[in-house]
Number of protein chains: 4
Amino acid sequence: MTKPPDVTRRSERSRRAILDSALDLVTAVGYGKVTIEAIAARAGVGKQTIYRWWPSKGAVVFDAFLALNEGDTGLALPDSGDLDADLRALLKATFDDLVDPRFEPTYRALHAEIQHNAALATDLVERLLGPLLRSTEDRLRSAQRAGQLAPDVDLRVAVELLYGPVFHRWLLRTGPLTSEYADTVVALVLRALRP
Amino acid sequence: MTKPPDVTRRSERSRRAILDSALDLVTAVGYGKVTIEAIAARAGVGKQTIYRWWPSKGAVVFDAFLALNEGDTGLALPDSGDLDADLRALLKATFDDLVDPRFEPTYRALHAEIQHNAALATDLVERLLGPLLRSTEDRLRSAQRAGQLAPDVDLRVAVELLYGPVFHRWLLRTGPLTSEYADTVVALVLRALRP
Amino acid sequence: MTKPPDVTRRSERSRRAILDSALDLVTAVGYGKVTIEAIAARAGVGKQTIYRWWPSKGAVVFDAFLALNEGDTGLALPDSGDLDADLRALLKATFDDLVDPRFEPTYRALHAEIQHNAALATDLVERLLGPLLRSTEDRLRSAQRAGQLAPDVDLRVAVELLYGPVFHRWLLRTGPLTSEYADTVVALVLRALRP
Amino acid sequence: MTKPPDVTRRSERSRRAILDSALDLVTAVGYGKVTIEAIAARAGVGKQTIYRWWPSKGAVVFDAFLALNEGDTGLALPDSGDLDADLRALLKATFDDLVDPRFEPTYRALHAEIQHNAALATDLVERLLGPLLRSTEDRLRSAQRAGQLAPDVDLRVAVELLYGPVFHRWLLRTGPLTSEYADTVVALVLRALRP
DNA sequence: TAGTAACCGAGACGGTACGTCTCGTCTTTAC
DNA sequence: GTAAAGACGAGACGTACCGTCTCGGTTACTA
């Protein structure tokens, strides 16, 4: 049986160098053209050191992406009292991220990756998307408590009703992600959710 | 300038063999492990014959998938008069397809592929998803004319409101695609669309 | 049983175009890089037209070479009475041909080819080298009759004694083919052959 | 700039396997039909391992051939005192090698190869033929010192006078390499070289 | 003069091998 | 004693040609 590496001995310097190189390369040449060899070379690290700690290229890049956002103190939960405005802001913030040319290729690559890598999917949904979805749900809950939403609405479904159309457009490229689109979606969804 | 191959001389026998082999292999070993070499070998065909007519593995597999559905006479547009029931039927038919173990891996693979292949994305949306989305839109239009939906609703957005949550769940694996889920989504969406 | 092509119907225009193209290509890119496809394309000819009339690339190129020399009325047999001078002239004429930059690569290619193509070897020795070797032998015979050479010398061996060292140098690149070299070889050989 | 491979890390086991396989294949199917793919497969080696260390098929086969003869302690310089007999022995030993059915096809292939590969030509002449030519020259030098040869004869030319006719016959297939032929050539050459 | 046999240009076909690339593992060197 | 450096076995990539096999379309003999 193969022994797992001793995590206490892990070189923090190498870890950082690998994540930084992964990110640099992914933005420079695109996810598809990044290779583990290239990451190792740029990080000044043996390939084995990558294979020892990550199971796949996707996992390295994903970790690199997470590390990028890890400074964020989490989404400032917007609660201006105006539910409509708050939701529109959340949606717009979401697709500002999705179409940011610095991130879009990698977001797409990660979404491609999770189609045949369920473990990565869980991680991505939990740790990258999670904060967004959770704070949206929180906002809806506070509205529900305030009697602005029907009391029997399943909030997890409500969140999907908001983000589903956005991701649908973005993943299938069936249309542009404009401000008006956010307005339209939010307006319709609120009609669905109100008491 | 490179000359395109003379399509009139194309061997139908080889075309069929290639598509069949592609499909067999994709279901047998999964899209990611299928190679053009293997498709050619199994089809009893030179690799060049594949490269002559398709630009990528994704294109071959996609064509194979299309050919599979090509016998379908198109969706029987369901119009029982009961809008609610019709939409639930459409949604359930959709995820019956999505979770069919014979097709799911390949659907996922195609969705992964289109993230870095825009041409394929257009094709997929147009030719595989298109019929479904169009007939859904047609059904909504007939309901709108009958005064069951608000007259100012943008039907393309309405369609996304229906399918978005479904694809969101399926692509991000955030929850199961159950019958109840379809009911919930349709109920909410109809509340949004009613006059 | 496969029928041989009907030589009477052969297209002279195609034959010429093929030989010309073969020669052009061989001097342009070198024998090794010439392909039958390229010859056919440049000649504006179907590949089958080449395969119908020649068994191999070597055969085409050889024919092209022969056609080039076919205008030559044959070697003017040098018989000035001065055997020494005549032989030196023959040797020098030989390596003028061998090192002519227009022909050397193809001569070398043909010599390479005959190492695994005995039929071509016979043709080459008979039709390209033959005239030279025969006229040299003739010159030696006349000298032998005149008593300048030992009467028991086998003239075929004598010819090889003259040309062998030259080809040895040329084929194995063991040294330069200079005028002095011809002088030295002829002088030594004549010492061997004199009565 | 591409870095050359680190020769100190080279796998001796792979090197041997490649050379052995090359030799086996060349004798089994003939040089022309040997491919690098086949050598790699038979050696249980990745193709890259061949491409890393050799520039061409010819180079591999040549190395394989050299390795074969590498146990030889070099030609036992024959110096029986009888120059005539010694030279005849050398010539006969030479064409015993040339016409040995195990080696002839490969010798021919190598001679073909060097026609368009000057680097290989140098290697072949230096390392395969070299020992033979040098020991022949040594034998002639000792004879010259003993006054059996004219003191002004250029011994390199003398060596070519001996081997040139032999290679001429062999390469151009203009006649058989018999014992009598060796006798005749040696006799004539000695007449040329004697004081 | 109609029919027909053959060559012709063109080029698709099943194949083989090329030389390059990347993978994930194994081995050696140096700190 | 750990990791960098990097050679290794494996095998897919896309390309180039191979030699064979239709295709229609001209010729040029035969009935």
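This is a short talk on the protein surface around DNA strand E and on two arginines with positive phi.

First, the ground rules. This is a predicted model, where local features need pLDDT of at least 70, side-chain atom pairs count only at pLDDT 80 or more, and totals for chains, interfaces and linings use all residues. Residues are numbered from 1 along each chain as its sequence is written, chains are lettered from A and ligands numbered from 1 in the order in which they are written, and side-chain values use heavy atoms, without hydrogens and water.

Now the DNA. There are 41 residues around strand E; near means a heavy atom within 4 Å of the strand. A:Gln48, C:Asp6, D:Lys47, D:Gln48 and D:Tyr51 come nearest. Of the DNA strand E atoms within 4 Å of the protein, 62% belong to sugar and phosphate.

What is this surface made of? We get 10 nonpolar, 14 polar and 17 charged residues. Charged means Asp, Glu, Lys and Arg; nonpolar means Ala, Val, Leu, Ile, Met, Phe, Trp, Tyr, Cys and Pro; the others, Gly among them, are polar.

Some contacts. A:Lys47 puts a polar side-chain atom 2.8 Å from a base oxygen of DNA strand E. On the phosphate side, B:Trp53 has a polar side-chain atom 2.9 Å from a phosphate oxygen. For B:Arg52, a side-chain N or O atom is 3.1 Å from a phosphate oxygen.

Last, the arginines. A:Arg173 has phi near 55°, and C:Arg173 has a positive phi of about 55°. Neither is a glycine. Buried or exposed? A:Arg173 is partly exposed at 34% relative accessibility. C:Arg173 is also partly exposed, at 34%. Partly exposed sits between buried, under 20%, and exposed, over 50% (1.4 Å probe, protein chains only).

Definitions and conventions. A polar contact is a pair of N or O atoms within 3.5 Å; within protein, one must be able to donate a hydrogen and the other to accept it, and residues adjacent in sequence count only if both atoms are side-chain atoms.
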